[in-house]
Amino acid sequence: MDYGKLLSGLTAQAAVSGYEKAAADYLCGMFREYCDSVEVDSFYNVIGIKRGEGPRPRKVMVSAHMDEIGFLVKSIDDKGFIRVAAVGGIDSRILPAQEVVIHGKRDICGVFGARPPHLLDSEQAKKAVKLKDMFIDAGMEAEEIRKCVSIGDMVTFEATSVRLCDVNHSSKSVDNRCGTASLIGTMHEMSGLKHRDDVYFVCTVQEEVKLAGAAIASYNINPDIAVVMDACHGDMPDGPRDETHKLGKGPAVGMGPNFHRESVSMVMDTADEENIPNQLDVEPGHSGTEAWAIQVSRCGIPTVLLSIPVRYMHTPVETVSLEDIRNTARL
């Protein structure tokens, strides 16, 4: 499987939390290639089932969220400048001069503008610009832009995929399209295998805003065990070593009270047997992933987390190793 091509296609999709319908339609086509049945629920979680051959098959849920951080149009002033509200965790320091796409009746390119340093006094120059003080400039007059852009429309970072030294991939929404790519890779890895239990592959929605999709899907499916594929922080200069993981060294397996110890041990044993590189990710509390919601769904679901190291998370240049995506799918 060409994970670079797969990830480029996935990151090109626009799916700000709560606005995932188009991405769900895109993923349905991929799911149908591998799954016995595919459905989309009322919140646009995509659920594909590969039926097992056992006499009393259990349910194994494998999930990865497809939504991304982004913005919603909040207002359009009389000169056509657009103010937005953030959806998900966005650091306003990265926004000035960023290219974006406004998804109205048609897609419109724009840029985040802010007053240049020449026009700031000494006190203003010391402070990071807040989102409320920034605007999007689409180069259009107010009357023209209001014909195709409405309050509440989705805005995403421009989707530009860059291959770094042919092994790493950089783009917007790598968190968590890398996990989505691994989920599809898992389907591909399983396509020639016989298995006893039913496997439910789920691309969930609204993870960036309170883990809503995972809570809904896991309650409805009620699996016997769940495996979550998500992103964790990759290594970078001056990054804390105990909170980051190296790119190219395999997925980070979650360890802590959020995760089922026996299942984690099984995953680690499998990695050793199959010579799959992996790392350990100690999470003493909230993992920041949908594993947190799935674990306590219904009467409790044994949950495992496989995290793919991603550098520069929640920016338009999130960077991942394609080998880590492949090895997560293998594991």
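This passage describes how helix H1 packs in a predicted model, which residues make up its nonpolar cores, and where the backbone takes unusual values.

The packing of helix H1, which spans residues 3-11, was examined against two other helices, and the first of these is helix H9, formed by residues 322-330. The axes of H1 and H9 lie 10 Å apart and make an angle of about 95 degrees. Because angles of 65 to 115 degrees count as roughly perpendicular, H1 and H9 are therefore described as roughly perpendicular to each other. On the side of H1 the contact is made by Tyr3, Gly4 and Leu7, while H9 contributes Leu322, Ile325, Arg326 and Ala329. Sorted by class, the residues in this contact of H1 with H9 are five nonpolar, one polar and one charged.

The other partner is helix H5, which covers residues 174-190, and its axis comes within 9 Å of that of H1, the two crossing at roughly 130 degrees. An angle of this value makes H1 oblique to H5, and the crossing in which H1 passes H5 is right-handed. In H1, the residues that meet H5 are Tyr3, Leu6, Leu7, Leu10 and Thr11, and in H5 their counterparts are Val174, Arg177, Cys178, Thr180, Ala181, Ile184 and Gly185. By class, this contact of H1 with H5 comprises eight nonpolar residues, three polar residues and one charged residue.

Leucine 7, a residue of helix H1, appears in the contact with H9 and also in the contact with H5. Its relative accessible area is 0%, and leucine 7 therefore counts as buried, given that the limit for a buried residue is under 20%. When neighbours within four places in sequence are left aside, leucine 7 is in contact with His169, Arg177, Cys178, Ala181, Val320, Leu322 and Ile325. One of these partners, isoleucine 325, is 318 residues away from leucine 7 along the chain, yet the C-alpha atoms of the two residues are separated by 9.5 Å.

Isoleucine 325 is also one of the residues that stand out in the largest nonpolar core, which has 60 residues and in which Leu27, Phe31, Leu183, Phe201 and Ile325 touch the most other members. For leucine 27, not counting residues up to four places away in sequence, the residues touched are Leu10, Val46, Met66, Thr180, Ile184 and Cys203. A second core, separate from the largest one, consists of 22 residues, among them Phe71, Val73, Leu95 and Val100.

The backbone was then considered at particular positions. In helix H5, where asparagine 176 is found, the peptide bond that leads from aspartate 175 to asparagine 176 is cis, with omega near 10 degrees. Leucine 211 has a positive phi of about 60 degrees although it is not a glycine, and its place is in the loop between strand E12 (198-204) and helix H6 (212-221). With a relative accessibility of 11%, leucine 211 counts as buried. Tyrosine 312, likewise not a glycine, has a positive phi of about 60 degrees and is found in the loop that runs between strand E16 (303-311) and strand E17 (318-321). Tyrosine 312 has a relative accessibility of 35% and so counts as partly exposed.

Notes. Residues numbered from 1 in each chain as written. Predicted model: local features only at pLDDT ≥ 70, side-chain atom pairs only at ≥ 80, totals over all residues. Heavy atoms only, no water. Axes fitted to C-alpha atoms, helices over the stretch in contact; angles between N-to-C directions. Helix = DSSP H or I, 4+ residues; strand = E, 2+ residues; numbered from the N terminus. Parallel < 35°, antiparallel > 145°, perpendicular 65-115°, else oblique. Contact = heavy atoms within 4.5 Å. Nonpolar A, V, L, I, M, F, W, Y, C, P; charged D, E, K, R; others polar. Core = buried A, V, L, I, M, F, W, Y, C linked by side-chain atoms within 4.5 Å. Buried < 20%, exposed > 50% of the residue type's maximum accessible area, 1.4 Å probe, protein only. Left-handed = near helix turned anticlockwise from the far one by under 90°.
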